[in-house]
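Please open the model in your viewer and keep the sequence panel beside it, since this tour moves from one selection to the next.

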Amino acid sequence: MKSKNYRFMPLWLAVSVVIGILIGTFYANHFSGNRLNIINSSGNKLNNLLHIIDDQYVDTVNINDLVEKAMPQILGELDPHSVYITAREGQIANDDLRGSFSGIGIEFTIRQDTIRVQNVIGNGPAERAGVLAGDKIVEVDDSVFVGKKVTNEEAMHRLKGPKDTKVKLGVIRYGEKTVRHITVTRGEIPTKSVTACYMLDDESGYIRMKNFGENTYPELLIALAKLAQKGFSNLVIDLRGNTGGYLESAVQIANEFLAKGQLIVYTEGRRYPRQEYRADGRGSYQRIPLVVLVDESSASASEILAGAIQDNDRGTIVGRRSFGKGLVQKPMEFSDHSMIRLTIARYYTPSGRCIQKPYADGEDYEGDWMQRYQHGEFFSQDSIKHTGPEYHTANGRVVYGGGGITPDTFIPEDTLGMTSYYKEASMSGLILQFAYNYTDENRTKLSSMEDVWEMERYLKSQNTVEKFVAFAEKNGLKRRNLMIQKSHKLLERFVNSRIIYNILNEEAWTEYLNHDDPVIIETLRIFRNGEAFPSKAQVKGTNDGKVAMMFDHASQKAPKPYFAHA
């Protein structure tokens, strides 16, 4: 019996050794951090890296935060327009395109760390509750809301909210020192894509679109109906500053002006076969003389519309070369409502050109505007650098790809009256501050005026430029009399336009700025001479290429409204 036990002893020892090795290896791996099984697993390196950091990093790490920070960097390696968007950023970005948002119905600006109500939307929740333009919002839901924490994003976060919910505002009204409390019930607030619609003269209608959203096409039809009542026989569509939006909206609008079967745009990508969008022939304005205005801020859907009109020789493109965004993004939403917008294809105009400008060097892509300016492109059509080959329109005119839509009629930036004083006044925000203060102090008088031209005549008589100069000097901008004299017209235009916007609306602001705009003046000449339908003649410019003075491009652009919605 004893001999049997000894006979099995080597087997038991061997089993014990194996078990000991397995146990030792488990504990060694577990406590030493040598997780080779993770590194050598079949998953991708990024997932493996996150597992290792989560399991072994010396400090506690919030992996979700790490991913949030890493995703923009990863997508940024692809192209300039593949992006990651947080849930809050996505909501803000989509509000304008969606056609409405839920809020209290005000336009506001932030001055001296305080919300100032710029305008109150007619028949909106705020107006019904008694909020007035000029009110300062200093409390939100019984909490003081002034100081450094008051940003556009935070203000919109607090003021916007689900429909039928309430928000309690503490406001200080002009001339009062005590806070009055107003409770506003939030509601659906419409956002407009068509921001101006009026007659430039007895024959020429004008429509300005700020983006291409869900409601842009029906808004355009309403605008066209209004112009039809006034007897328009020419049409201007102003896409300057329009950064784009939905492809479908641009296609619907182009369809109104093109004949049946004409190609509007097509898309194509590695995983997305060519898809064409053609006019169905139902458009009501297929023969009206048409001019489309573009500039270096016109992008994406704006370039689709302009490219369709140009390549089909349907109308004349006037202005300066557009931005050059020809990439198609597909939104993909995560469970937390954050999303990525991934480039899946490219846009091609009817002639076959891709209007996307090069983006191999990210720094060059972001600095493209400055390079255009330094190269003289804003002042001379001959200075435009095309990176793509030549293409031909339906009538055989030469057009170019690889960097935006080059206009048929080029209009240079106007440098007349530009000085360093004007640039500093514009860029510092002092003009906006002065205009708000002047509006607030004279709101009753200004509100009694019937239209933009009555207000313009009144403001001219008030010498607003001298009043601004005195205000600016008190706030650190040194008076320079010779420069002020040289820039007087520009200063008056900027100051008065902001006051007009504060009291009236964006359409009045646009009409005021357009009345002496060289682009509008040239457009009306094109209509008078019957040049709105391009022939086989080559594109032309109205500039001799000479530049009297160089300047910061951003300071000379017509001032856009500086406000947010809530």
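Which residues in helix 16 and helix 20 meet each other? Select both helices in this predicted model, taking residues 452–461 for helix 16 and residues 506–514 for helix 20. On the side of helix 16 you will find V452, W453 and E456, and these meet A508, E511 and Y512 of helix 20. The residues of this contact divide into four nonpolar and two charged, with no polar residue among them. If you then turn the view to follow the two axes, you will see that they lie 10 Å apart and that the helices pack at an angle of about 60 degrees, in a crossing that is right-handed.

Now zoom out to the whole chain, where 22 helices and 23 strands can be traced. Of the 566 residues in the chain, 49% are buried. Among the contacts with a separation of 6 or more, 71% are made by residues that stand 24 or more positions apart.

Next, select strand 12, residues 234–238, and within this strand pick out N234. Is N234 buried or exposed? N234 counts as buried because its relative accessibility of 7% falls under the 20% cut-off. Showing side chains here brings up a polar contact of 3.4 Å that joins N234 to S204. Once residues up to four places away in sequence are set aside, the residues that N234 touches are E203, S204, G205, I288, P289 and F527, so it is worth displaying this whole set together when you inspect the site.Move on to strand 19, which spans residues 390–392, and select H392 within that strand. H392 has a relative accessible area of 45% and is therefore partly exposed, a class that lies between the 20% and 50% cut-offs. Which residues does H392 contact, leaving aside its neighbours within four places in sequence? The contacts of H392 are with S351, R397, V398 and V399. To see how the chain returns to this place, display the C-alpha atoms of H392 and S351, which are 41 residues apart along the chain and yet separated by 6.1 Å.

For the last stop, select the cysteines C197 and C354 in turn. C197 is buried, with a relative accessible area of 12%, and C354 also counts as buried, at 16% relative accessibility. How many disulfides does a search of the whole structure find? That search finds zero.

Technical notes: Residues are numbered from 1 along each chain as its sequence is written. This is a predicted model: local features need pLDDT of at least 70, side-chain atom pairs count only at pLDDT 80 or more; totals for chains, interfaces and linings use all residues. Side-chain values use heavy atoms; hydrogens and water are left out. A disulfide is a pair of cysteine sulfur atoms within 2.5 Å. Buried means under 20% relative accessible area, exposed over 50%, partly exposed in between (1.4 Å probe, protein chains only). Axes are lines fitted to C-alpha atoms, for helices over the stretch in contact, and angles run from 0 to 180 degrees between N-to-C directions. Helices (H or I, at least four residues) and strands (E, at least two) are DSSP runs, numbered from the N terminus. A crossing is left-handed if the near helix is turned anticlockwise from the far one by less than a right angle, and right-handed if clockwise. Contact means heavy atoms within 4.5 Å. Ala, Val, Leu, Ile, Met, Phe, Trp, Tyr, Cys and Pro count as nonpolar, Asp, Glu, Lys and Arg as charged, and the others, Gly among them, as polar. A polar contact is a pair of N or O atoms within 3.5 Å; within protein, one must be able to donate a hydrogen and the other to accept it, and residues adjacent in sequence count only if both atoms are side-chain atoms.
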